[in-house]
Each structure stands twice: as structure tokens, then as C-alpha cells.
Amino acid sequence: RRERMEKEYGLSAYDAGVITASREMAEYFDAVIADGADAKLAANWMMGDLSKNLNADGKTIEESPVDAKRLGDMIKLISKGTISSKIAKKVFAEMWTSPDAPEKIVKDKGLVQITDTKAIEAIVDAVIEANPKPVADYKGGNAKAIGALVGQVMKQSKGKANPGVVNQLLKAKLDA
């Protein structure tokens with residue numbers, strides 16, 4: 001089973017070993033990816049947030065309040081770009097205490113990632129105008145200064161802006 005996970009899904013030997021350490025964990029993984037969820041993301045979520053919450057609550061994988069189908073659905077939302085990894089952490093925390101589907105949680109809580117370039121561009125313009133020091137630092141050759149600007153855009157968008165789009169827009173405007 002471990003070899004199959006490495007070959008079929010491109011998991012590292014370590015990841016495959018952790019997931020196949022118990023039959024229940026391996027079956028949960030297979031159920032998570034059954035509907036097309038990304039295997040590497042599934043492994044990361046299972047070894048990260050899922051395991052952390054299970055350990056904190058003293059639960060086994062069979063007792064997980066987040067069933068494999070819902071975790072798989074949430075991972076597909078990340079892959080589609082509907083939510084970012086950061087937003088997914090909020091969705092997962094909500095899933096832990098609620099039986100709602102991840103799509104419903106995202107909709108009800110207004111957690112959809114902003115991918116509309118025009119909406120992000122307005123925030124980027126405001127951040128550039130309000131932060132002359134990091135702008136000057138970036139234009140002066142300090143490429144790392146863009147991080148402060150990205151942080152401000154993410155803060156203004158409450159973490160909903162697509163970070164890739166934010167970086168592209170900032171670089172395009174600052175390098176112009």
C-alpha cells in the first residue's frame with residue numbers, strides 16, 4: 001500500500017509511511033481522494049491539521065468529526081482556487097465543530113477567495129499609495145520589501161485576496 005501511494009500519487013516515502021502506519025488512516029486517505037481530491041494536499045492535511053486536532057481531542061481517525069468526504073471536498077475547493085490555504089484553516093476549524101459541508105461554510109461565512117483582478121488591483125493601488133517607504137525600498141533594489149506590501153494587501157482583504165495575483169499586480173505596478 002505504501003509503495004502504491006508513492007508510485008500512484010507521488011507521495012514521499014515519509015508521507016506514505018505515516019499514512020499507512022494504520023489501516024484506518026490509509027482507508028481514510030483513500031476515501032479522501034476517492035472523488036478527485038489532490039493526494040499530496042490530502043496527505044498534508046491529514047498529517048497536519050487533522051492529526052493535530054485528533055491528538056488534542058484524544059480521538060482516533062475513526063472518531064474524527066471531519067469525515068473523509070468533507071475533507072476531500074474542502075481540498076478540492078483549495079485546488080480550484082475557491083479558497084486559499086489560509087482560508088481553508090478557518091473552514092477546517094468550522095468543520096471540526098459543524099456537520100456542514102465545506103461549500104456551505106465558505107458561502108455562509110463569506111470566505112471565498114478574491115480572485116477578481118480589478119478588486120485586488122484597487123487594494124494594491126491603495127497600499128502602494130499608503131506605504132511610500134517599502135515602495136521606495138523595493139524600487140531601490142530591496143526585493144524583499146515587497147513582502148511588507150503583500151502583507152498589507154492581505155490584511156486589507158482580510159486574507160481573502162489570492163496571494164499569487166497580489167504578487168503579480170504589485171510587481172507589475174512597482175516595476176513599471
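Is the crossing of α10 and α11 right-handed or left-handed? The close-ups below, taken from a predicted model, start with that pair.

**View 1. How α10 and α11 cross.** The crossing is right-handed. Helix α10 covers residues 146-156 and helix α11 covers residues 163-175. Their axes sit 10 Å apart and make an angle of about 125°. That angle falls outside the 65 to 115 range for roughly perpendicular and is not over 145, the mark for roughly antiparallel, so α10 and α11 count as oblique to each other.

**View 2. Side by side: the residues where α10 meets α11.** On the α10 side you'll find I146, L149, V150, V153 and M154. Facing them from α11 are P163, V166, N167, L170, K171 and L174. Sorted by class, this contact comes to nine nonpolar residues, one polar and one charged.

**View 3. Inside the largest nonpolar core.** This core has 36 residues, and the ones touching the most other members are F29, L71 and M74. Two or more residues each come from α2 (13-19), α3 (23-33), α4 (39-57), α5 (68-80), α6 (85-97) and α7 (102-109). Helix α4 chips in the largest share, with seven residues.

**View 4. Zooming in on M74 and its contacts.** Leave out residues up to four places away in sequence, and M74 still touches W45, I83, A88, V91, F92, M95 and P102.

**View 5. Elsewhere, a second core.** Separate from the core around M74, this one has 19 residues. Among them are V124, I128, V165 and L169.

How values were computed: Residues are numbered from 1 along each chain as its sequence is written. This is a predicted model: local features need pLDDT of at least 70, side-chain atom pairs count only at pLDDT 80 or more; totals for chains, interfaces and linings use all residues. Side-chain values use heavy atoms; hydrogens and water are left out. Axes are lines fitted to C-alpha atoms, for helices over the stretch in contact, and angles run from 0 to 180 degrees between N-to-C directions. Helices (H or I, at least four residues) and strands (E, at least two) are DSSP runs, numbered from the N terminus. Angles under 35 degrees count as roughly parallel, over 145 as roughly antiparallel, 65 to 115 as roughly perpendicular and the rest as oblique. A crossing is left-handed if the near helix is turned anticlockwise from the far one by less than a right angle, and right-handed if clockwise. Contact means heavy atoms within 4.5 Å. Ala, Val, Leu, Ile, Met, Phe, Trp, Tyr, Cys and Pro count as nonpolar, Asp, Glu, Lys and Arg as charged, and the others, Gly among them, as polar. A nonpolar core is a set of buried Ala, Val, Leu, Ile, Met, Phe, Trp, Tyr and Cys residues joined through side-chain atoms within 4.5 Å. Buried means under 20% relative accessible area, exposed over 50%, partly exposed in between (1.4 Å probe, protein chains only).
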